[in-house]
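Reader: Could you walk me through this one? I'd like to start with the pocket and then move on to the rest.

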Amino acid sequence: AKEVALNTSGGDLVLANGKIFVGQVFQDSILVVDQATMASVKKLPFGGEGCMAVSPNGNTVYFASNKKNEFYIIDTKTYEHRTVAYPLDGRGCLALAVYENRLYIGISRGGKANLSFLAVYDLAKKDYVGTVSLPADISFSTSFAFTPNGKRLYIARAQSEAAVQVV
């Protein structure tokens, strides 16, 4: 078994373009590791605590921060990135998914009621196309799963009487 010393607590990770992108929780960065050699390739100066998703073609990694009120769109070849603020005074994220040309972000708190909500970002339009309020309690999203046809999104909820919500 090969391994890489992170020198910190490893967070969420994704595989993209022959590389491993690992959130370094206490260093607020993302470590990029070559999948074949397990050698460090790059350290991106943002990231850490949050969650990641990857585009179907592996050319883009998305990192949604749980500490900053923003997410990042990262080119997996050049490491250039773009920063996008969360909508509606959103704060924190522990669930992120890509389906077709949209990014689904589970925002922990924000909006008019200061509760959790789902934000949908259109990657082609480069703008938010909608939000959905989630249960009015202290719960928050922890993971997403789409049905194969994409017509339903299942949301796992922490600290909620309803552990799973369907949108």
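Author: A pocket here is an open set of grid points with protein on both sides within 12 Å along at least five of seven lines, and its lining residues have an atom within 4 Å of a point. Please keep in mind that this is a predicted model.

Reader: Fine, so which residues line the largest pocket?

Author: The lining is made up of Leu 88, Gly 110, Gly 111, Lys 112, Ala 113, Leu 115, Ser 116, Phe 117, Thr 131, Val 132, Ser 133 and Leu 134. The volume of this largest pocket is about 160 Å³.

Reader: And which strand gives the largest share of that lining?

Author: That is strand β12, residues 127–133, which contributes 3 residues to the lining of the largest pocket.

Reader: Switching to packing, which residues touch the most other members in the largest nonpolar core?

Author: Phe 71, Leu 103 and Ile 105 do, in a core of 19 residues. At least two residues of this core come from each of β5, β6, β7 (70–75), β9 (91–99), β10 (102–109) and β11 (117–122).

Reader: What does Ile 105 touch, leaving out residues up to four places away in sequence?

Author: Its contacts are Phe 71, Tyr 86, Cys 93, Ala 95, Leu 96, Phe 117, Leu 118, Ala 119, Tyr 128 and Phe 144. Apart from the largest core there is another one, of 13 residues, and Leu 44, Met 52, Val 61 and Ile 74 are among them.

Reader: OK, now the open sheet of 4 strands: what is the order?

Author: The order is β1-β2-β3-β4, and the pairing is antiparallel. β1 (10–16) and β4 (40–44) are the edge strands with a single partner each, so one side of each has no neighbour in the sheet. On average, and ignoring direction, neighbouring strands of this sheet are turned by 20° against each other.

Reader: How many bridges join β3 to β4?

Author: There are 4 bridges between β3 (residues 29–34) and β4, and Leu 31 has Lys 43 in β4 as its bridge partner.

Reader: Last topic, backbone angles: which residue in the loop between β8 and β9 should I look at?

Author: Look at Asp 89, in the loop between β8 (81–85) and β9, where phi is near 55°, a positive value in a residue other than glycine. Lys 126, in the loop between β11 and β12, likewise has a positive phi, of about 60°, although it is not a glycine.

Reader: Is Asp 89 buried or exposed? What about Lys 126?

Author: Asp 89 is exposed because its relative accessible area, 65%, is over the 50% cut-off. Lys 126 also counts as exposed, at 53% relative accessibility.

How values were computed. Residues numbered from 1 in each chain as written. Predicted model: local features only at pLDDT ≥ 70, side-chain atom pairs only at ≥ 80, totals over all residues. Heavy atoms only, no water. Pairing = 2+ DSSP bridges. Axes fitted to C-alpha atoms, helices over the stretch in contact; angles between N-to-C directions. Core = buried A, V, L, I, M, F, W, Y, C linked by side-chain atoms within 4.5 Å. Buried < 20%, exposed > 50% of the residue type's maximum accessible area, 1.4 Å probe, protein only. Contact = heavy atoms within 4.5 Å. 1 Å grid on protein atoms, 1.4 Å probe; cavity = no way out; pocket = protein on both sides within 12 Å on 5 of 7 lines; lining within 4 Å. Points joined across faces, edges and corners; volume = space filled by probe spheres on them.
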